[in-house]
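Please open the model in a viewer and keep the selection panel at hand. The tour proceeds by selection, with a short account at each stop.

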Amino acid sequence: MSAKNTLPENKINQAKTRLLLALFVAEEPVMRGKLNEKVVPSKEKRKDYQSVFDELLEIGAIEKSDKGYYLVPSVGLKLLDESLKNRDFENNTIGTWVANGLLKRIRENESKTNDFNQLDNQTQIEESSNEAIASYELFKDITLEVYEELNRNYNLDNLVPIYRIRKEIGEKVSREKFNQWMLEMQKKDVFQLIGGEMTDITPQKAEDSITTKLSGLRYYAKRIA
Amino acid sequence: MTSSNFYSIEDINEALKAHNPFAQPPYVGSSEVWDKEFPDITSLNAHASDAVFQAIEQIRANQYQRTSITITAEAGTGKTHLISRIRHRLQAEGGALFIYANQFGDLNNIKQGFQRTLADSLNKIGNEEVTQWQELAAAIVNNALKSNAKHLSAKQLVKQFGISNLKITKRLVNYLTDIFCKNNSSAKNPDIVRAILWTLSDSHSLYAINWLSGNGLSQHKASELCLPVHSGSAFNTVKQILNLIGYYKELVICFDELDSTESNDTGFTKAQVVAGFVKELFENIRKGVILTVMMPAVWVEQIKKLPAAVVAKVSAQGNPIDLKYMDGDSIVELVTLWLKQFYQDLNLVPSYETYPFTEVELRELSEEKPPIRNVLQWCRENCKPPVTGEAEDLNPVEKLDPVEEAFKTELAQKLGRNLDDNFLLADALLFNFQRLIGYTVEQVNIKKITDKVTKKGGKDNYLNFKIIGTENGKDVCIGVAVLQHSGGRALGAGFKRLIDEENKFNLSRGCLVRSKSKDKEISNYLYNTYLEPLILEGGEFVELKEEEIKPLLAIRSVHKKRNVDYGLTEEQIFQFIVDKAIDYQLGVSNPLLKEILSDPSYQVPDDVIEDDSVLAEESTNSESADFDDITNLLMVDE
């Protein structure tokens with residue numbers, strides 16, 4: 001009826017997406033036979049869909065072993081997510097496994113940040129950003145850099161508001177760690193954290209400063225070493 | 001007695017329950033600077049006090065003549081404490097005179113305020129067990145008599161002046177003034193030298209210091225002391241006094257309490273006004289160190305915004321010196337020092353020095369590097385015996401009302417020459433009257449208090465404020481003037497406003513507020529021309545009594561320092577005035593406020609007229625003693 005490799009591109013793309021999704025759902029290697037059931041539509045030829053496997057193998061989205069095909073998460077998942085957004089992935093009839101696979105992917109995406117899915121789940125962001133500044137030493141270096149930069153650029157005369165440092169460092173470190181390490185820097189006589197007259201204080205700025213047990217709110221950092 | 005076992009732990013615990021060793025409020029004020037020192041660990045922030053002592057040494061060694069140092073630190077870190085350390089060490093070791101300036105009254109007129117502070121500071125006891133004025137006077141005497149080669153101590157001179165009669169003393173003072181000025185061309189104003197010499201005489205020092213502080217003298221006293229009625233321009237007088245000091249001694253001038261919300265009429269803050277003044281002072285003193293302390297933010301946001309020339313003069317030694325927070329070692333040392341005093345006084349020996357605190361828990365406090373004040377506050381709240389297993393009814397530590405504590409701290413401060421600061425006194429009265437708006441006191445229902453006293457709504461230098469309200473259904477407007485001047489001219493100007501003959505102020509009656517001390521007696525002329533007519537027209541003479549104005553000044557001070565030092569809100573302070581009116585003579589319970597509002601008595605006081613008989617008597621005496629007699633008088637035997 002039709003010659004080899006004459007399948008329209010959208011059909012190939014749909015097949016690729018189904019393959020990636022199937023491997024994602026399976027979470028373990030799957031034999032070619034099982035996969036064909038999901039990749040090749042009924043009444044169509046397996047041979048016509050050979051290129052789907054070849055191409056994904058070639059770009060490293062999937063791998064092949066003795067036990068069958070499996071997904072390479074770093075490339076495969078990214079490709080899956082991109083393909084799901086592609087309008088090509090539309091079908092009149094959707095199998096239960098597809099729907100379940102999609103749900104699984106959505107849930108996973110929701111609990112994990114990734115490049116194109118900006119989620120504002122605070123705790124998760126902190127968890128993953130902790131990896132950005134993982135040690136006191138690193139924090140100290142970065143903070144001093146930020147301090148010097150703010151001090152220089154805004155002519156702050158060695159009195160840099162803590163909330164501005166926090167803002168610059170942003171989500172690379174959790175609020176809790178930020179407070180803890182700033183106090184550590186004070187303890188080691190790198191900074192003095194100062195309260196005193198805060199002419200421009202607002203509740204938000206106060207919240208973004210540091211509050212200590214005995215001496216209350218500290219608003220500025222001053223470099224002393 | 002040596003074994004600590006001798007004391008049972010119960011004794012010690014009972015003592016701790018009965019008296020909190022940390023009960024003293026952790027605020028250092030001028031009283032601690034001048035009088036009993038706050039417990040001091042000298043190693044804490046030694047770098048900052050050492051910088052000052054080093055500067056004194058270098059000036060003494062003629063490396064340079066003058067310098068200025070700025071110390072910045074957050075509230076409660078020990079700025080005033082450091083000044084107190086400097087003062088006490090100077091007092092113990094001698095060599096330098098010490099001036100402490102923290103209040104200036106009217107910020108539009110800081111030079112006058114400083115002149116008063118200078119006179120007050122020099123009236124404090126220095127290194128030689130006499131006042132610093134007397135130390136300076138002794139230096140002048142010794143310089144004048146240098147040919148006689150015998151050094152006279154200030155103490156000997158005070159004793160000698162004390163036993164001489166007025167006639168002799170007067171001739172002596174004039175004689176010494178003359179030769180001193182002849183020998184020292186730099187002594188431009190003999191009257192200032194004369195007034196300083198008068199401070200050696202106990203019975204005249206009050207008047208002499210009044211004059212030196214810019215307060216002026218009555219005509220009668222002025223002629224007795226051979227001085228003009230008024231010392232003239234405030235800054236000229238200040239300059240000359242500091243110059244004289246510069247010839248004999250090093251000088252340390254400390255400016256403190258700059259972090260307040262006060263500002264002058266042109267919008268400059270207290271710190272900025274003082275900085276401008278420090279610049280002028282720096283340019284005009286011969287020799288000395290000027291120390292200015294403030295919070296880092298005040299330095300950056302207020303001082304650094306002034307012209308560079310001002311900044312450079314306020315901190316000639318470069319960048320401000322920072323004070324350090326407490327670390328584990330210094331916290332342990334501090335607590336040990338306080339407790340040592342406590343246990344020693346009670347003759348107790350605890351099992352270890354920091355009892356009831358453990359060293360571990362004290363060191364834990366240093367995690368956040370607290371300022372010293374916060375450590376002491378923590379100690380006070382937590383200084384109690386460890387809770388035992390038994391169901392002991394440990395009295396919960398009574399938490400002092402923070403406003404009450406602040407108020408008591410301020411109340412403990414000595415007034416000194418502030419009792420002559422019309423502006424400061426009037427400001428306190430105004431503040432306290434404002435709290436009475438809406439109340440009816442002494443039949444006066446108070447509607448408004450304003451310092452915009454003229455018909456056009458302007459301020460006046462003599463008439464401080466008006467109380468507007470109704471009295472028995474009729475409108476009433478009481479003009480209040482605090483007039484502590486001794487001198488006639490200023491007093492006369494004030495009286496004229498109170499009588500308000502030309503109806504410039506729209507007063508229904510004028511109220512004079514004035515002390516009745518010896519140096520505030522008024523001449524017959526003023527009495528007849530102003531006081532009598534004022535009283536007969538329904539005005540009042542309300543006697544200013546120190547104990548009655550003190551609570552008003554104290555609560556005003558708390559209000560001024562509410563943000564930085566005490567961390568209080570206006571509402572808390574206002575509520576305290578209402579709640580504690582009876583306990584502390586505040587608000588409606590203050591006799592001075594009540595007296596100002598009360599019905600005029602139409603009684604002219606008769607105890608305020610100057611007795612000028614002495615003057616008359618003395619002027620009839622011939623001046624016969626010759627100079628040899630006078631100088632012989634000073635050749636006292638050891």
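Select strands β3 and β7 (residues 220-223) of chain A in this predicted model. The two strands run antiparallel and are joined by two bridges. To locate the pairing at residue level, display A:Val160, whose bridge partner in β7(A) is A:Ala221.

Next, keep β7(A) selected and add β4(A). These strands also pair in the antiparallel sense, here over four bridges. A:Ile194 is a useful marker, as its bridge partner in β7(A) is A:Tyr220.

With β3, β7 and β4 of chain A now displayed together, what order do the three strands take in the sheet? The order is β3-β7-β4, in an open sheet with antiparallel pairing. Strands β3 (160-161) and β4 (191-194) of chain A stand at the edges; each has a single partner strand, so one side of each is left without a neighbour in the sheet. Strands of a sheet pair through backbone hydrogen bonds, so a backbone display suits this stop.

Remain at β4(A) and show its side chains. Are the residues on its two faces buried or exposed? A:Phe191 and A:Leu193 lie on one side, A:Gln192 and A:Ile194 lie on the other, and all four are buried. Both faces of β4(A) are thus covered.

Move to residues 62-65 and 68-71 of chain A, which are strands β1 and β2. They pair in the antiparallel sense over four bridges, and a hairpin of two residues joins β1(A) to β2(A). Within this pairing, A:Lys64 has A:Tyr69 in β2(A) as its bridge partner.

For the surface, select A:Glu137, A:Asp141, A:Glu145, A:Glu149 and A:Glu168, which form a negative patch. Which helix supplies the largest share of this patch? It is helix α7 (residues 136-153) of chain A, with four residues. A:Glu137 is found in this helix, α7 of chain A. Its relative accessibility is 46%, and A:Glu137 therefore counts as partly exposed, the class between the cut-offs of 20% for buried and 50% for exposed.

Finally, turn to chain B and select B:Tyr439, B:Val578 and B:Val588. These residues form a nonpolar patch on the surface, and together they have about 230 Å² of accessible area. To place one of them, display helix α25 (residues 570-579) of chain B, in which B:Val578 lies. With a relative accessible area of 46%, B:Val578 is partly exposed.

Technical notes: Residues numbered from 1 in each chain as written. Chains lettered and ligands numbered in written order. Predicted model: local features only at pLDDT ≥ 70, side-chain atom pairs only at ≥ 80, totals over all residues. Heavy atoms only, no water. Pairing = 2+ DSSP bridges. Patch = residues over 30% accessible without salt bridge, like charges linked within 9 Å, V, L, I, M, F, W, Y side chains within 5 Å. Areas by Shrake-Rupley, 256 points an atom, 1.4 Å probe, with all protein chains shown as cover. Salt bridge = Lys/Arg side-chain N within 4 Å of Asp/Glu carboxyl O. Lys, Arg positive; Asp, Glu negative; His and termini not counted. Charge placed at Lys NZ, Arg CZ, Asp CG, Glu CD. Buried < 20%, exposed > 50% of the residue type's maximum accessible area, 1.4 Å probe, protein only.
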